[in-house]
Amino acid sequence: MTDTPSAGGKGTIVLAFSGGLDTSVCVPILKNMYGYDRVVTVAVDVGQPAAEVKMADDKGKLIADKHYTIDAKDAFVQQHVFPAIKANALYEGYPMGTSLARPLIAEEIVKIAKAEGATAIGHGCTGKGNDQLRFDFIFRMHGFDIVAPMREHNMTRDWEIDYAEQHGIPIPVKKSTPWSVDENIWSRSIEGGRLEETDYHPPEEIYHWTTSPEAAPDKPEIVSITFENGVPTALNGKQMNGVDLIVELNTIAGRNGVGRNDMVEDRVLGLKARENYEHPAATVLIAAHADLEKLVLSRFELKFKHIVDDQWSELAYMGLVHEPLYHDLNAFIDETQKRVTGTVDVQLFKGGLHILGRKSPNAIYSQDMVSFDTTTIDQRDAIGFSKYFGLQGRMVWQLQNK
C-alpha cells in the first residue's frame with residue numbers, strides 16, 4: 001500500500017468523524033490516496049464524554065478543511081432510544097447502543113454533505129463489522145457515493161497507527177492498549193486488542209461506567225421509575241427529560257455494578273465477535289419496562305409482542321430503520337404503549353437487579369378477584385371448565401394406554 005499523492009480534482013467529500021484512530025487517518029488518506037480537494041469532517045454528539053466531543057471538534061478543525069460538531073443527544077433519545085425501550089430491544093440478550101445511534105449519525109452527515117455540495121461521503125468502518133452496513137444503507141439511500149479506506153485497502157490497526165505517526169496526527173490509542181471504544185448516552189462498547197481472544201479475562205481498566213460487583217456498595221439501592229405511554233418520565237418521583245434521566249440512572253446503576261455484558265455475538269456478516277459492553281441505565285429501564293407491560297398488556301398482546309420485539313431488535317441491529325417492516329412494527333408497538341403507564345421499583349445490588357413491585361392505573365389485575373380470601377369469583381364455576389381442560393390430551397393418553 002502506498003501513499004503516493006493523487007492528482008486531486010474530486011471536489012469535496014464529507015467524512016463521518018469521531019476523532020479516533022480510523023477516522024483521523026482517513027483525512028490525509030482521502031486527499032493523498034483518493035484525490036479529494038476538500039475533506040469536511042462531521043462529529044455527531046450522541047452522548048459521548050464531553051472530552052471526547054471536544055477532542056473530535058478540536059482535531060477536526062486542526063486536520064480537516066472544515067469541521068462540524070452536531071449536538072444530537074435529544075434527537076437520539078427521542079427518535080431511537082425511546083422506541084428501543086418500547087420494544088424491550090435486546091440483541092442476543094444485551095441492550096443495543098452503537099447500532100441505535102448509527103442511523104441518526106448518518107442522517108446528520110447527509111444533511112451536511114448536501115449543504116457542502118459534496119460528491120461523496122466517507123467513513124472509517126472496516127469490512128468486518130456492522131457499522132459499514134448501517135452507514136452505507138443511509139448514504140446510498142440519499143444517492144451518495146461511499147468511500148471507505150479501511151475496507152477498500154484492507155488496513156490493519158497497526159498500519160493505521162504507524163500512518164498516523166508518520167503524518168503527525170495525534171491519536172488516542174497505542175499498540176500496547178489498542179482498545180476500540182464506542183460510547184453514546186445509552187451504551188459503551190469496548191473491543192479490540194486482546195479482547196478479541198474469547199478466553200481472555202478483561203482487565204478492570206476497560207470499564208468506565210460500572211463498578212465491579214465485588215467493589216459495589218454492600219447495601220442495596222432502590223430506584224423508582226415512572227413510565228408514561230411506554231417511555232420513562234420520572235426517576236424516584238422527580239420528573240426528568242430523557243437525556244437527564246438516562247445520565248442519572250447510568251450513574252446510579254453503574255455504581256452498583258449493574259449493566260455489564262461480556263459475550264460472543266453474531267455480526268450481520270456472519271462473523272462471531274467477542275464484545276464487551278456497559279449499559280447501566282439501559283439494563284434497568286428495559287427490565288422495568290418489560291415488567292410493567294406484564295401488568296397492563298393482555299396475554300395475547302404479550303405473546304405477540306415478544307415476536308415483534310425480537311424482529312424490531314434484529315432490524316435495529318442491522319440499522320435498517322427505513323425498512324418498511326420497521327415502521328410497521330413501530331406502529332404496532334406504539335399502539336400497545338398507550339396503556340404502558342405506571343411505576344416500577346427496582347433494587348440494584350452488586351451487579352444484579354430485582355423488581356420489587358409495580359403499579360399502574362391501567363393494570364388488568366384485580367386483587368379482589370385473585371385473592372384466596374374473597375368470594376367475588378365463585379370457585380365452583382371452575383368445575384365445568386376443568387372438565388373440558390386438556391380434553392384431547394387426555395383422550396390421546398387413554399388411547400395409548402389401553
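**A covered helix, a paired set of strands and an annotated binding site**

Helix H9 is mostly covered, with 13 of its 17 residues buried. The model described here is predicted, and H9 offers a handy check on its helical geometry. Helix H9 runs over residues 280-296, and at 1.5 Å a residue its 17 residues should span 24 Å. The end C-alpha atoms of H9 are 25 Å apart, which agrees with that expected span.

The UniProt record, an unreviewed entry, lists residues 179-395 as "domain: Arginosuccinate synthase C-terminal". Over this stretch the chain is 37% helix and 24% strand, and the C-alpha atoms at its two ends lie 62 Å apart.

Strand pairing can be followed from E10 through E15 to E16. Strand E10 (residues 221-228) pairs with strand E15 (residues 342-349) in the antiparallel sense, over seven bridges. Within this pairing, Val223 has Val346 of E15 as its bridge partner. On to the next strand, E15 is joined to E16 (residues 352-359) by seven bridges, and these two strands also run antiparallel. Here Leu348 finds its bridge partner in Leu353 of E16. E15 and E16 form a hairpin with two residues between the strands. In this hairpin, Lys350 takes a positive phi near 45 degrees.

Attention now turns to the annotated site. According to the unreviewed UniProt entry, the annotation "binding site" covers Thr126, Asn130 and Asp131. Two of these residues are described in turn below.

Asn130 is found in the loop that leads from strand E6 (120-122) to helix H5 (131-141). Despite this loop position, Asn130 is buried, because its relative accessible area of 8% falls under the 20% cut-off. Leaving aside residues up to four places away in sequence, Asn130 touches Glu265, Arg267, Val268, Leu269 and Tyr317.

Asp131 has its place in helix H5. Its relative accessible area is 18%, and Asp131 therefore also counts as buried, since the limit is under 20%. With residues up to four places away in sequence again not counted, the contacts of Asp131 are with Thr98, Arg102 and Cys125.

Taken side by side, the two annotated residues give a neat picture: Asn130 sits in the loop between E6 and H5, whereas Asp131 belongs to H5 itself. Asn130 has contacts that include Arg267 and Tyr317, while those of Asp131 include Thr98 and Arg102.

Note on methods:
Residues numbered from 1 in each chain as written. Predicted model: local features only at pLDDT ≥ 70, side-chain atom pairs only at ≥ 80, totals over all residues. Heavy atoms only, no water. UniProt positions renumbered as here; feature names shortened; annotations may be inferred. Helix = DSSP H or I, 4+ residues; strand = E, 2+ residues; numbered from the N terminus. Buried < 20%, exposed > 50% of the residue type's maximum accessible area, 1.4 Å probe, protein only. Contact = heavy atoms within 4.5 Å. Pairing = 2+ DSSP bridges. Expected span 1.5 Å × (residues − 1).
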